[in-house]
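Biologist: I would be grateful for a close look at one part of this model, namely its interior. Please set out the enclosed space and the buried elements in a connected account, and add the neighbouring details that help in reading them.

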Amino acid sequence: MATRGKKLGGVAGGGGAAVRVVGVVCVMAVPLFALLVLGGWASASTVWQSAARLTAVTAGFTNASKPSATGDAATGADELFGGLLAAGGGFDRGACLSRHESPRYYKRSPFSPSPYLLQKLRDYEARHRRCGPGTPGYAKSVEQLRSGHSSEVMECNYLVGLPYNGLGNRMLSLVASFLYALLTDRVFLVHFPDDFADHFCEPFPGGEGETATTWVLPPDFPVADLWRLGVHSNQSYGNLLAAKKITGDPARETPVSVPPYVYLHLAHDLRGDDERFYCNDDQLVLAKVNWLLLQSDLYFVPSLYAIPEFQDELRWMFPEKESVTHLLARYLLHPSNSVWGMVMRYHHAYLAPAAEMIGVQIRMFSWASIPVDDMYKQVMACSSQERILPDTDGGDAPAPARTNTSGGGATTAILVASLQVEYYERLKGKYYEHAATASGGGRRWVGVFQPSHEEKQEMGKRAHNQKALAEIYLLSFADVLLTSGMSTFGYMSSALAGLRPAMLLTAFNHKVPRTPCVRAVSMEPCFHKPPPAAATCQGKLAVSENVTRHIKRCEDLAGGIKLFD
């Protein structure tokens, strides 16, 4: 991929400072928490010069400027993502810096939102203001829910998202659940676990301030202990069908005959009757229920395309099927100021001087583990196959240097995101021991960085999740991505970045795959647990031929499906 004309930080570009490469290579790892503890802003040139001194390589930057507190990124970025975000809308800019600043750092915005999607989002925002927490409509629906009976048709219907499992799973669940709310004209509220609090800003206009509506489910919600809900809950749709407490027949059900709420279990352990969610008649029944509580750790969007009730809406909203998560994640998920502060401090201190950034995300699952040596060899084989990492005099990664088109030297930052430190250490050694070469035969600067290495995934810890979220957004600023297959962390980074990554294949049965990686045919995430291909709805196949034209098996999981164009 050619380096883009506009550069970040003080590297180059409109008004930016030029960089002259004097030395050869610099490498450095700096923990993300150090930036939190030390605070303040570090000069990017100072950091890279210090890195060079630490590795005994004579190097320096000249005329490198210190980034400003708002990010010395390329100016002129579209803050609204082509109208995806509402103009004005009562947002307090200081309450959510990432909403207005993030467009400056993404390298790609390959899809423009359709006019129909923009109208759906503006209509949703009006509905949220009219029916969100603190409004009469919300109070009336809660009162009926508390009574335990559906006595009348409510003006406002609701979807409560219950995202769980790892951070990437939760983010994909939020995106999929919000799309379902858009399709069903519901107000989207979220019950956040304690370790998921203070990760994202309020996404909807009018959602800041003491009297404004919010997307956070109020703590006095009548259904107690929401996290006890699961596949065995009596109020799950599958169990209600099995117990004949709901018929699944839209001709027989009315808004006053159905329960006041239904729990939808769309997680990895869902059972046969839960899959009726993906049937059209069952959707017509669920449309009559005032409150739907949806728990998921999956990206179930591809199977929404199989529901006739939604097909036209989805086609009009997303003419390009590959754009769903890319657009909705940029609309919905804005890191909180505490997380965005981590992102910006690290980016400006260590990544901004580079003309190009390569993101390398390595996730080894316990059930598919292989020795570190084998995983590193797989990463390097993938880099060679897909031409990702810069070439060195050692010749083991034959990727052409993507030079700084502003006239300065070639400068590349490699950002490593992994729970382990060994891959960073090996890449650092590689570029310290062998000089990187540019396409013209000259020298090339390469910096290797790793914000954190937690060694293992810490479930239930807010600080761990916030650091992981910061790394997802740092990766999303990359020009090129190499990610791990089946990793929802990698899926989110790629979708936000607008990139089709090279994906490392998983070592099933602890065996190194013969093919190290594949290039994704779509930046859309994989739905890991779709209904069986032979699943039926009222005796007919659930998935029709016209839907399968835009759904294919995932590159990284044979049993999964994903959207593509």
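Modeller: A classification is needed before the enclosed space can be described: Ala, Val, Leu, Ile, Met, Phe, Trp, Tyr, Cys and Pro count as nonpolar, Asp, Glu, Lys and Arg as charged, and the others, Gly among them, as polar. It should also be said at the outset that the model is predicted.

The structure contains six cavities of 30 Å³ or more. The largest cavity encloses about 90 Å³ of space. Its lining is formed by Arg-363, Met-364, Phe-365, Ala-368, Met-375, Ser-484, Gly-485, Leu-504, Leu-505, Thr-506 and Ala-507. Sorted by the classes above, seven of the lining residues of the largest cavity are nonpolar, three are polar and one is charged. The charged residue is Arg-363, while Ser-484, Gly-485 and Thr-506 supply the polar part.

Two of these lining residues, Ser-484 and Gly-485, lead along the chain to Met-486, which is placed in the loop between β9 (480-484) and α16 (488-497). Met-486 is not a glycine, yet its phi is positive, at about 70°. Most residues other than glycine have a negative phi. Because the relative accessible area of Met-486 is 12%, below the 20% cut-off, Met-486 is buried.

The strands give a second view of the interior. Strand β4 covers residues 291-296, and six of its six residues are buried. From β4, Trp-291, Leu-293 and Gln-295 point one way, and Leu-292, Leu-294 and Ser-296 point the other way; all are buried. The residues on both faces of this strand are therefore under 20% relative accessible area.

Strand β4 has two parallel partners among the strands considered here. With β1 (residues 158-163), β4 pairs in the parallel sense over six bridges, and in that pairing Leu-159 has Leu-292 as its bridge partner in β4. Strand β3 (residues 261-265) also runs parallel to β4, and five bridges join the two. Here Val-262 stands opposite Leu-292, and Leu-264 stands opposite Leu-294. Leu-292 thus has a partner on the β1 side and another on the β3 side. Between β3 and β4, the chain passes through helix α8 (residues 280-286), in a β-α-β crossover that is right-handed.

Strand β3 is itself largely enclosed by the rest of the structure, because five of its five residues are buried. Tyr-261, Tyr-263 and His-265 point one way from β3, whereas Val-262 and Leu-264 point the other way, and all are buried.

Individual residues outside these strands complete the account. Asn-165 is in the loop between β1 and α6 (167-183). Like Met-486, Asn-165 is not a glycine but has a positive phi, of about 80°. Because its relative accessibility is 30%, Asn-165 counts as partly exposed, whereas Met-486 is buried.

Asp-195 belongs to the loop between β2 (187-190) and α7 (237-242). Although charged by class, Asp-195 is buried, with a relative accessible area of 8%. Its side chain makes a polar contact of 3.1 Å with the side chain of Arg-170. The C-alpha atom of Asp-195 is 8.9 Å from that of Gln-466, although 271 residues of sequence separate the two.

Gln-144 is a further buried residue, at 7% relative accessibility. Gln-144 is placed in helix α5 (residues 136-147). A polar atom of the Gln-144 side chain lies 3.2 Å from the backbone nitrogen of Glu-152.

Lys-428 offers a contrast in exposure: at 26% relative accessibility, it counts as partly exposed. Lys-428 is part of helix α14 (residues 422-433). Its side chain makes a polar contact with the side chain of Glu-425, at 2.9 Å. The C-alpha atoms of Lys-428 and Phe-449 are 8.4 Å apart, with a separation of 21 residues along the chain.

Terms used
Residues numbered from 1 in each chain as written. Heavy atoms only, no water. 1 Å grid on protein atoms, 1.4 Å probe; cavity = no way out; pocket = protein on both sides within 12 Å on 5 of 7 lines; lining within 4 Å. Points joined across faces, edges and corners; volume = space filled by probe spheres on them. Buried < 20%, exposed > 50% of the residue type's maximum accessible area, 1.4 Å probe, protein only. Helix = DSSP H or I, 4+ residues; strand = E, 2+ residues; numbered from the N terminus. Pairing = 2+ DSSP bridges. Right-handed = clockwise from strand over helix to strand, strands pointing away. Polar contact = N/O pair within 3.5 Å; in protein donor to acceptor, adjacent residues only side chain to side chain.
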